[in-house]
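Hi,

Here is the structure I promised to pass on. Have a look at it first, then read my notes underneath.

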Amino acid sequence: MNVTTVMSSTSTPITPRGDMDHDALPSLGAAAETLPAHVTDLTWDLRHTLFMDVAGHHLLSGSAAPDGADGRTTGRP
């Protein structure tokens, strides 16, 4: 799992590349936890995530989002 984070003012997309499973969840949570306090809009860009198990549900339910950030997902249908 590779994770790309691009910060711009208060909005930050995090783009995981690879399979999102239980083993990947700690690194994804760490990517969200290390965002600065001024980030208020967190976007999980899942276009490059080919497989997702229940770990994806935990991530998107907000358990890995930093305090005050709004979780949003983007991706291909």
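**How the strands pair**

E2 and E3 run parallel and are joined by four bridges. A word on terms: helices (H or I, at least four residues) and strands (E, at least two) are DSSP runs, numbered from the N terminus, and two strands pair if DSSP finds at least two bridges between them. One pairing to look for is Ser11, whose bridge partner in E3 is Asp41.

Before you go further, keep in mind that this is a predicted model: local features need pLDDT of at least 70, side-chain atom pairs count only at pLDDT 80 or more, and totals for chains, interfaces and linings use all residues. Residues are numbered from 1 along each chain as its sequence is written, and side-chain values use heavy atoms, with hydrogens and water left out.

E2 also pairs with strand E1 (residues 2-5), this time in the antiparallel sense, over four bridges. Here Thr5 has Ile14 of E2 as its bridge partner. E1 and E2 make a hairpin with five residues between them, and Ser9 in the turn has a positive phi of about 50°.

**The whole chain**

What order do the elements come in? From the N terminus on, they run β-β-α-β-α-β, which fits the two helices and four strands in the protein chain. Of its 77 residues, 34% count as buried. Buried means under 20% relative accessible area, exposed means over 50%, and partly exposed is in between (1.4 Å probe, protein chains only).

The accessible surface of the protein chain comes to about 4600 Å², and 52% of that belongs to carbon and sulfur atoms. These areas come from the Shrake-Rupley method with a 1.4 Å probe; for residues, only the protein chains shown count as cover. As for contacts (heavy atoms within 4.5 Å), take those with a separation of 6 or more: residues 24 or more positions apart account for 68% of them.

**The core and helix H1**

Which residues make up the largest nonpolar core? There are twelve: Ile14, Met20, Ala24, Leu28, Ala31, Ala32, Leu35, Val39, Leu42, Trp44, Leu46 and Leu59. A nonpolar core is a set of buried Ala, Val, Leu, Ile, Met, Phe, Trp, Tyr and Cys residues joined through side-chain atoms within 4.5 Å. Helix H1 (25-33) and strand E3 (41-45) are the elements that give two or more residues to this core, and H1 has the largest share, with three residues.

Now turn to H1 itself. Its buried residues are Leu28, Gly29, Ala31 and Ala32. They sit on the same side of H1, because they cover an arc of only 155° around the axis; the arc is that of the directions from the helix axis to the C-beta atoms. Pro26 and Glu33, on the other side of H1, are exposed. The background is handy here: an α-helix has 3.6 residues a turn, so residues three or four places apart point the same way.

**Strand E3 and the salt bridge**

E3 is mostly covered, with five of its five residues buried. Asp41, Thr43 and Asp45 point one way and Leu42 and Trp44 the other. That is the pattern to expect, since in a regular strand the side chains alternate between the two faces of the sheet.

The structure holds one salt bridge, meaning a side-chain nitrogen of Lys or Arg within 4 Å of a carboxyl oxygen of Asp or Glu. Arg47 forms it with Asp45, and their closest N and O atoms are 2.4 Å apart. Arg47 counts as partly exposed because its relative accessibility is 43%, while Asp45, at 7%, counts as buried.

**A few residues to click on**

Thr12 is found in strand E2 and is buried, with a relative accessible area of 0%. Leaving out residues up to four places away in sequence, Thr12 touches Thr5, Val6, Met7, Leu35, Val39, Asp41, Leu42 and Thr43.

Thr15 lies in E2 (residues 11-17) and counts as buried at 9% relative accessibility.

Over in helix H2 (residues 54-63) you'll find Leu59, buried at 1% relative accessibility. The C-alpha atoms of Leu59 and Gly29 are separated by 7.4 Å, though the two are 30 residues apart along the chain. His58 lies in H2 as well, and at 36% relative accessibility His58 counts as partly exposed.

Cheers
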